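User: I'd like to learn how to read a fold from its coordinates, one feature at a time. Can you walk me through one?

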Amino acid sequence: MDEKITCTLCGEDRLRRYRVPGLPEVFWMCPECESLWREGADPRASTEAYLSVYLESRGLDPARVRPEPVDADASTGSD
Ligand SMILES: [Zn+2]
C-alpha cells in the first residue's frame, strides 16, 4: 500500500508514518504542522492531536524527542 494523504489541516504536506524511539506506537503525522493521527484514527478526518501534546502525554520532552519516519519497505530505488 502506498497511500498518499495530504494533510487536511494545513494542506501543505503529505502525512507520513512516524514512531518515537522507545514507544511502541506508530502514528501518522504531518511534517509541516505536526498534526498527529493515532494508529486507527482516520487521517483523512480532522484531528485535535499534535506531536507536542502526544509527547507530553507520555512524559517526554517535545524539545528533545524527535519522531522517526517509518519507511522501512520503501527504501528500494530513488526517484
Ligand atoms: Zn499539516
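User: Which residues make up the largest nonpolar core?

Analyst: The general idea comes first: in soluble globular proteins, nonpolar side chains tend to be buried together. A nonpolar core here is a set of buried Ala, Val, Leu, Ile, Met, Phe, Trp, Tyr and Cys residues joined through C-beta atoms within 7 Å. Buried means that 20 or more other C-beta atoms lie within 10 Å of a residue's own; exposed means 12 or fewer, partly exposed is in between, and the C-beta atoms are placed from the backbone. In this case the largest core has twelve residues: C7, L15, Y18, F27, W28, M29, C30, L36, W37, L51, Y54 and L55. At least two of them come from each of β2, β3 and α1 (51-57). Keep in mind that this is a predicted model, where local features need pLDDT of at least 70 and side-chain atom pairs count only at pLDDT 80 or more, while totals for chains, interfaces and linings use all residues. Residues are numbered from 1 along each chain as its sequence is written.

User: You've named some elements already. In what order do the elements run from the N terminus on?

Analyst: Helices (H or I, at least four residues) and strands (E, at least two) are DSSP runs, numbered from the N terminus. The protein chain has one helix and four strands, and they follow one another as β-β-β-α-β.

User: And in what order do the strands sit in the sheet?

Analyst: For pairing, DSSP has to find at least two bridges between two strands. Here the four strands form an open sheet ordered β3-β2-β1-β4, with antiparallel pairing. β3 and β4 (68-69) are the edge strands, each pairing on one side only.

User: Let's go through the pairs. How many bridges join β1 to β2?

Analyst: Four bridges link β1 (residues 16-19) to β2, and the two run antiparallel. Going along β1, R16 has M29 as its bridge partner, Y18 stands opposite F27, and R19 stands opposite V26. Notice that Y18 and F27 both belong to the core too. The two strands form a hairpin with six residues between them, and G22 in the turn has a positive phi of about 95 degrees.

User: What about the other side of β1, where β4 pairs?

Analyst: β1 and β4 are antiparallel over two bridges. R19 turns up again there, with E68 as its bridge partner in β4.

User: And which residue in β3 is the bridge partner of W28?

Analyst: That's W37. β2 and β3 run antiparallel and are joined by three bridges. Their hairpin also has six residues between the strands. Within the loop, E34 has a positive phi near 65 degrees even though it is a residue other than glycine.

User: Is E34 buried or exposed?

Analyst: Neither: E34 has 18 other C-beta atoms within 10 Å, so it is partly exposed. C33 lies in the loop between β2 (26-29) and β3 (36-38) as well. C33 counts as partly exposed because it has 15 C-beta neighbours inside 10 Å.

User: What is C33 in contact with, beyond its neighbours within four places in sequence?

Analyst: Contact means that the C-beta atoms of two residues, placed from the backbone, lie within 7 Å. By that rule C33 touches C7, L9, C10 and E12. C33 and L9 are 24 residues apart along the chain, with their C-alpha atoms separated by 8.1 Å. For the protein chain as a whole, 31% of the contacts between residues at least 6 apart in sequence join residues at least 24 apart.

User: Back to the core, then. Why does Y54 count as buried?

Analyst: Y54 counts as buried because 21 other C-beta atoms lie within 10 Å. Y54 lies in helix α1 and, leaving aside neighbours within four places in sequence, is in contact with L36 and A49. From Y54 to W37 is 9.9 Å, C-alpha to C-alpha, with 17 residues of sequence separation. L55, also a core member, is in contact with L60, P62 and V65 on the same terms, with neighbours within four places left out.

User: How much of the protein chain is buried?

Analyst: Buried residues account for 19% of its 79 residues.
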